[in-house]
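Q: Could you take me on a close look at one part of this model, the strands around one parallel pairing and the helix beside them? I would like to see how the pieces fit together.

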Amino acid sequence: MGDDSSKRFSSNNHAGAVAELVENLGRLPGIGRKSAERLAFHLLRVSESEALALADSIRRVRKDVRYCSACFNLAETDLCAICSDPSRDTTRICVVEQPRDLMSLEQSSAYKGLYHVLLGRIAPLDGIGPDQLTIDALVDRIRAGGFNEVIMATNPTVEGDGTSLYISNLLSEFSVQMTRLARGITAGSVLEYANREMIADALTGRQKL
Ligand SMILES: [Zn+2]
C-alpha cells in the first residue's frame, strides 16, 4: 500500500455512476479491476458519440443476434449468413462446439460446406449432458438426408473427443461418412487459437472416424 495513485482510483472516490461502470466492466472475462478502471476513464474521456456507439453495439447485438434456426450459428435473421448462402456445399456438414470455432474455420477459407454448432460439449463433471446441446437437431438434419459427410471438429480435448464419439455413435445408423479433423492441431489447443494454416491442414488431412 502507500501508493497514492491506487488510492486515488479506489472506488470510494468514484461517483456512483462511474463506480457502477467499473464494476460492470470488471465482470467481463479477462478484465481485472485496474483494466476496468482504465476502460471506464477512457469512456469518460472520448467523445460522447464514440462512447455511446459502444453502448449501441452492445444493445444491438443483444437485441438482434440470435441462433440460426438450422445450424445454431449466430444470426441476425432466421437463417445465418452461411445457411442462406446458395454457393455453399450442402452435402457436407462440419460439427463444432461454439460459434467462435466456426469463425476460426471460416477464416481458414478451406471449407465451403455447412456447419452445426453444438453450443457446448458433453462435460459430465460440469453437469452438461447431451440433451443440453443441439445434438437432437443435428440428428434431425442428418435424418432429413442430403449430407454425404459429417466432419467432427470438436476441440481435441478429452471432452471434445468424448462428444465426437457420442455423436458418431448416434449417427452410425445413417449412410453418411464420418470424418474428423487431422491432429495438426496439437492436443489441448483449441480451434479458437489455432492459426489459419493449421486449420486448413487439419481440414485437408481429415480422417475417417
Ligand atoms: Zn446457419
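A: Happy to. Let's start with one pair of residues: I93 has V150 as its bridge partner in strand β5. A word on the basis before going further: this is a predicted model, in which local features need pLDDT of at least 70 and side-chain atom pairs count only at pLDDT 80 or more, while totals for chains, interfaces and linings use all residues. Residues are numbered from 1 along each chain as its sequence is written.

The I93 and V150 bridge belongs to a parallel pairing of β3 (residues 89-96) with β5 (residues 149-152), which runs over four bridges. Strands here are DSSP runs of E with at least two residues, helices are runs of H or I with at least four, and both are numbered from the N terminus. Two strands pair if DSSP finds at least two bridges between them.

β5 also pairs with β6 (residues 177-180), in the parallel sense and over four bridges; there, E149 is matched with Q177. Helix α7 (residues 158-170) joins in, and β5, α7 and β6 form a right-handed β-α-β unit. Right-handed means that, with the strands pointing away from the viewer, the path from the first strand over the helix to the second runs clockwise.

Now to α7 itself. Its 13 residues reach 19 Å from first C-alpha to last, close to the 18 Å expected at 1.5 Å a residue (the expected span being 1.5 Å times one less than the number of residues). G160, T163, S164 and I167 are buried in α7, where buried means 20 or more other C-beta atoms within 10 Å of a residue's own, exposed means 12 or fewer, and partly exposed lies in between, with C-beta atoms placed from the backbone. These four lie on the same side of α7 because they cover an arc of only 100° around the axis, taken from the directions from the helix axis to the C-beta atoms. As a rule, an α-helix has 3.6 residues a turn, so residues three or four places apart point the same way. The cover over the buried residues of α7 includes β3, α6 (135-143), β5 and β6.

Back at I93, we meet H116, which sits in strand β4 (residues 113-117). H116 counts as buried because it has 26 C-beta neighbours inside 10 Å. Beyond its neighbours within four places in sequence, H116 has contacts that include I93, V95, C71 and F72, a contact being two C-beta atoms, placed from the backbone, within 7 Å.
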